[in-house]
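Trainee: Could we go through this one together? I'd like to hear the reasoning behind the labels.

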Amino acid sequence: EQLALPPYWYSSSHKAAIEKKRKHRKREGRMDLKTLSKTISASWRNADPVAVEYCKKLAQAEMETYNTAIEELTEKCNAKK
């Protein structure tokens, strides 16, 4: 079973770099945060276990990248002092 996801779906910074900016337009029928949270929770509960595992591994890899960047930045700032 293949899991097809668009490129850079997990990273807003990469997505912003490849997408053009557009004017802000008000939309009708917006969801409040409580409803949005419940919808997302229900989607994750019913998600395919393969997709969930893939997302967890991806999140772990992104967290390691983030922690490495933070450590380098901290060392760099401490070296300047």
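Mentor: Sure. Keep in mind that this is a predicted model. Let's start with Leu33, which sits in helix 2.

Trainee: Why is Leu33 called exposed?

Mentor: Its relative accessibility is 68%, and the label exposed needs over 50%. Leu33 clears that cut-off, so it counts as exposed.

Trainee: What makes the nonpolar surface patch that includes Leu33?

Mentor: Leu33 is joined there by Met31, Leu36, Ile40 and Trp44, and the patch covers about 540 Å². To belong, a residue needs over 30% relative accessible area, and nonpolar side chains are joined within 5 Å.

Trainee: And the rest of the fold, what does it consist of?

Mentor: Three helices and zero strands, so the pattern along the sequence reads α-α-α.

Trainee: How do you know that the span of helix 3 agrees with its number of residues?

Mentor: Helix 3 takes in residues 49–80, which is 32 residues. At 1.5 Å a residue, a span of 46 Å is expected, and the end C-alpha atoms lie 47 Å apart, so the two agree.

Trainee: Which residues of helix 3 are called buried, and what do they pack against?

Mentor: Ala51, Val52, Cys55 and Leu58. The label buried means under 20% relative accessible area, and these buried residues pack against helix 2, residues 33–45.

Trainee: How much of the whole protein counts as buried?

Mentor: 6% of its 81 residues. The protein exposes about 8200 Å², with carbon and sulfur atoms supplying 55% of that area.

Key. Residues are numbered from 1 along each chain as its sequence is written. This is a predicted model: local features need pLDDT of at least 70, side-chain atom pairs count only at pLDDT 80 or more; totals for chains, interfaces and linings use all residues. Side-chain values use heavy atoms; hydrogens and water are left out. Helices (H or I, at least four residues) and strands (E, at least two) are DSSP runs, numbered from the N terminus. Buried means under 20% relative accessible area, exposed over 50%, partly exposed in between (1.4 Å probe, protein chains only). Accessible areas come from the Shrake-Rupley method with a 1.4 Å probe; for residues, only the protein chains shown count as cover. The expected span of a helix is 1.5 Å times one less than its number of residues. Contact means heavy atoms within 4.5 Å. Patches are made of residues with over 30% relative accessible area and no salt bridge: like charges are joined within 9 Å, nonpolar side chains (Val, Leu, Ile, Met, Phe, Trp, Tyr) within 5 Å. A salt bridge is a side-chain nitrogen of Lys or Arg within 4 Å of a carboxyl oxygen of Asp or Glu.
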